[in-house]
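Good morning, and thank you for coming. I would like to take you through some salt bridges and one helix, and I ask you to follow along on the display.

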Amino acid sequence: MGHPLIAGVDIGGTKTHLVAARGGVTVTDRILPTDDWRVREVDADAAALAGLVRSLCDGAAPASTAVGAHGCDTDAQCTALRSALGRCLGGTVQVLNDAELMAPAAGRFGGIGVVVGTGSIAVARSPDGRMLAAGGWGWILGDEGSAPALVRDAARAVRGAIDRGTPGDALTDALMRAVGTDDPTALGRRLDATRSAVAWGRYASAVFAAADAGSTLAAGVIAGGARALAELVGVLIGRGADAASVVAGGGVIAEQPRLEHAFRAAMTELSPASDVVVLRDPPVLGALALAGRALGPAA
C-alpha cells in the first residue's frame, strides 16, 4: 500500500497556510487570507475549512489532518472545531492552538510555543494534557510583542515624549511617515481611524527602522515587548508548564533580529535553563508532523 495522504493547516490571524503531503513529500501548498473564509462561527468555519482541505487534496479527504488555529485558546474551543471539522472532513482530525505548531515544526514535541505575529500568545500542555495559555487577548488589551501591539506601545511612547516636552526622537518621525501625517498630535486620530490589527501591524516596520536609526524610544518599546513575551512564558512556568524547550515563531520575531535578541535576553533572565529556539520554517510543518504522528509509522 502507498503512503496515506496527510494535511496540515496553520490558521493565523492574517493568513491561512495549508499543505498536503504523502510519504514525506509535499503534494500541494497553498496560502490565502484568513478573512477570505473564516467568519468565527464554528460550523461555518469547519465547512469552509473542510472544503479548502479537500480542494487542496484534489477532492479527497486526507487520512489525517492537523490544524493549528489562532483564536482556539481553550480546550473547549479546540474540541468544538475538531468535532465540527471531523463531521465535515472525516479521517483523523486534530485541532490545537496555532502556537502548538511551533515545537513540532522545530522537531520537538512538548515545551512551550510562542506565536509573535499579528497577535501573540504562549501555549503549553499540563502534565495531564490540558491546554495552558497566556496572552492572546487581542491587540487592544494585550498581544504583547506582536506587530500591532508594538505600534500601539510606540504611539504611547511618542505621546509621552510630547507630553514631557521631549519629542525629538526618530520614532516620532517614523510613525508620522508611516501613517501619513506631519502632525505628531494626529497620530492617535490616524491610528484610531483604522481600527484594524492588520493595518496597525503594517506600521511595525517603522518602529524597527526607528530603532535602527538610533531611537531610544523605539528600542525601549521593542525591549518592553520582548520582556512582556517572556512574562507570558513565566506565567505558564508558574502553572506547571515544562520550560525545557521554548519555541517562538511568527513573522515578527522570525524577521526582526532586534526582537529576537531582546526576547532571548529576557528569557535568559527568566529561565536560564530553557532552550530557546526561534522558528524560521513555516509553522504549518508542525501541523504536518502532528498529522503524520497521529497515523504512526504508516505516514
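In this predicted model, the side chains of Asp 275 and Arg 108 come together in a salt bridge, with 2.7 Å from N to O. The two partners belong to distant parts of the chain, 167 residues apart. Asp 275 sits in strand E10, which covers residues 275–278, while Arg 108 lies in the loop between helix H3 (102–105) and strand E6 (112–116). Are these two residues buried or exposed? Asp 275 has a relative accessible area of 36%, so it is classed as partly exposed, since that value falls between the limits of 20% and 50%. Arg 108, at 29% relative accessibility, is likewise counted as partly exposed.

Let us turn to another pair. Arg 280 forms a salt bridge with Glu 260, and their closest N and O atoms are 2.3 Å apart. Arg 280 is in the loop between E10 and helix H12 (284–295), and Glu 260 is in helix H11 (residues 257–270), so this salt bridge ties together parts that lie 20 residues apart in sequence. Here the two partners fall into separate classes: Arg 280 is exposed, with a relative accessible area of 53%, whereas Glu 260, at 8%, counts as buried.

What of Asp 45 and Arg 38? These two residues also form a salt bridge, the closest N and O atoms being 3.9 Å apart. The cut-off for a salt bridge is 4 Å, so this pair is counted. Both Asp 45 and Arg 38 are buried.

Salt bridges can also join into a network, as they do for Asp 75, Glu 100 and Arg 125. How many salt bridges are there by this rule? The count comes to 11.

I now move to helix H5, which spans residues 170–179. Which of its residues are buried? They are Leu 171, Thr 172, Ala 174, Leu 175, Met 176 and Val 179. As general background, an α-helix has 3.6 residues a turn, so residues three or four places apart point the same way. The cover over the buried residues of H5 includes helix H4 (147–163), helix H6 (187–194), helix H8 (204–212) and helix H9 (216–238).

Finally, consider the two ends of H5. At its start, a side-chain oxygen of Asp 169 comes within 2.8 Å of the backbone nitrogen of Leu 171. Just after the helix, Gly 180 adopts a positive phi of about 80°.

Technical notes. Residues numbered from 1 in each chain as written. Predicted model: local features only at pLDDT ≥ 70, side-chain atom pairs only at ≥ 80, totals over all residues. Heavy atoms only, no water. Buried < 20%, exposed > 50% of the residue type's maximum accessible area, 1.4 Å probe, protein only. Helix = DSSP H or I, 4+ residues; strand = E, 2+ residues; numbered from the N terminus. Contact = heavy atoms within 4.5 Å. Polar contact = N/O pair within 3.5 Å; in protein donor to acceptor, adjacent residues only side chain to side chain.
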